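Take a walk through this model with the sequence at hand. The route starts at a pair of strands, widens to their sheet, and then turns to the core and the cysteines.

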Amino acid sequence: KISGTSTSRVGEESNKIKRTEKDPTKSHKSKDKRERNAKRMNAAPLPQNNQQGSSGIRLQLSDFQFDKSKVEQAVEALPRRMKTLTAFVEDALNDEIPGARDRGERENRKKGDHGTPPKFTEPMPVRTTNPESLRMFEYPKTDSCHELASKLPVDAGLSVEGKPVLLNTQNRRYDYDVYEDAKFCPVDADAFLPWIHDMFPSSNGEFIHFVAQNKRRCNTGERFEKALERLEPQVALFQAVGVKKLKDDEEAKSLAPEMWVPAVKDNEDDGEKYAEGMPRYRLASAEEADDEGEFTRFICRFHTLEYDATSKKTNDVIVGETLSVFPMNYEYVNLRKRKDGMLTIEGKDNGLFWLSNLRFDCPVPDNGNLRGAIASGESVLDDGTPSIYVDLVPIRTHPRYAYEDAYYTKDMVGPNWFSNTSKRSPVYGTKKEFG
């Protein structure tokens, strides 16, 4: 199973969601070669600037040299001088077995009845999402790296067209069109998108820090049952997964032959939407996961801009891809707090205050002077226009409800953890839970 699709991007630390494929060791190939290989599942859909003035995509995964003068030329060729922050919303995983979940009886909750968690199909269904099935939402208000946190699409604000959006008390807005809301914030429409409130680079340029919140904690009353169920993936984002990079396209096709395959159409411009040479992953246990993919949740793809003098348009240049890291293991913290799980079906989980704020980092690729350009601030132009972008790709798996299903290793909890009960297994997900 491969990570998802959906995107948002902004400045040096944007959040985007798109599919990733293949190993990042090959350079961009000719259009003819790409067309011959398109049916072999070796092209990856890459972030597109849907505005006039944007052209193709190429890879530069080594020896990158940031040149401010060239970047300024590329920026001038864009109508808005920057790419628009964009979210691509994907439909639900559809892996839950109908009728298995139960919120429990309200009068019994003080006695410990917090509902029955759902059950899921095993193995997880292959995701056949394609670009045409995604809903795209743009946020042009985010127009600069200056005052970035105040411009992110976290909500509709206090009023729309002079009318208050939400009352401070007695909120009865519990049944609404999530896609209309996505015009202001995409999280209700796709809860695998992190509710990001701030982002900034580390002082040495080695990481982009993200600060998000758990949106499932906002409204937990009885009338918000549908919202609480819809937002359960917000808790999954706190739970690490292991991934392993696949060695080639044949392995990917053998694991998931039904997965969407990008194809270059007759229109030659379509060929510029895909580029060869990007990685592909599968879920893995801690033992078999790659070192950098043992405890992750997001794929981070970095790209910049360049001006094409021939077409007089701006190109995307992919400069690397990394896997996110957590500053702490939230699932292990929850265990040390002596809690059975990280969420309940009932949704009254606000006592787990350590699961309110979600922090994670995207390592910046060690590619030429990329980290130095970010650390110095040179990659942000004087007017706040960004020149380095990062697309954030969530790896989509349903949340783990009970501590028996938690993702621990023996060096974290000791060998006795796995011998105390037959329900606990160090191979948490690839075989036991996610199939």
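Start with strands β7 and β8. Six bridges join the two, and they run antiparallel. Strand β8 covers residues 207-213. One pairing is easy to find: Trp 195 has Gln 213 in β8 as its bridge partner. Keep in mind throughout that this is a predicted model.

Now step back to the sheet. Strands of a sheet pair through backbone hydrogen bonds, either parallel or antiparallel. Here the pairing is antiparallel, in an open sheet of three strands with the order β7-β8-β14. The edges belong to β7 (195-201) and β14 (357-363), each of which pairs on one side only. From one strand to the next, the twist averages 20°.

Next comes the core. In soluble globular proteins, nonpolar side chains tend to be buried together. The largest nonpolar core of this model holds 57 residues. Which of its members touch the most others? They are Phe 210, Phe 302, Leu 358 and Leu 392. Phe 210 falls within β8, residues 207-213, and Leu 358 falls within β14, residues 357-363.

Leu 358 deserves a closer look. Set aside its neighbours within four places in sequence. Leu 358 then contacts Phe 210, Val 211 and Ala 212, among others. Its contacts also include Leu 237 and Phe 238. Phe 326 and Tyr 330 complete the list.

Strand β14 also leads to the cysteines. How many disulfides does a search of the whole structure find? It finds one. That disulfide joins Cys 300 to Cys 362, with an S to S distance of 2.0 Å. The pair links distant parts of the chain, 62 residues apart. Cys 300 sits in strand β12 (residues 298-308), and Cys 362 sits in strand β14.

What is the handedness of this disulfide? The torsion about the S-S bond of Cys 300 and Cys 362 is about -70°, so the disulfide is left-handed.

Are the two cysteines buried or exposed? Buried means under 20% relative accessible area. Cys 300 has 0% relative accessibility, so Cys 300 counts as buried. Cys 362 is also at 0%, and therefore buried.

Cys 185 is in no disulfide. The nearest cysteine sulfur is that of Cys 218, 9.3 Å away. Cys 185 is nevertheless buried, at 7% relative accessibility. Cys 145, with a relative accessible area of 17%, is buried as well.

Conventions: Residues are numbered from 1 along each chain as its sequence is written. This is a predicted model: local features need pLDDT of at least 70, side-chain atom pairs count only at pLDDT 80 or more; totals for chains, interfaces and linings use all residues. Side-chain values use heavy atoms; hydrogens and water are left out. Two strands pair if DSSP finds at least two bridges between them. Helices (H or I, at least four residues) and strands (E, at least two) are DSSP runs, numbered from the N terminus. Axes are lines fitted to C-alpha atoms, for helices over the stretch in contact, and angles run from 0 to 180 degrees between N-to-C directions. A nonpolar core is a set of buried Ala, Val, Leu, Ile, Met, Phe, Trp, Tyr and Cys residues joined through side-chain atoms within 4.5 Å. Buried means under 20% relative accessible area, exposed over 50%, partly exposed in between (1.4 Å probe, protein chains only). Contact means heavy atoms within 4.5 Å. A disulfide is a pair of cysteine sulfur atoms within 2.5 Å.
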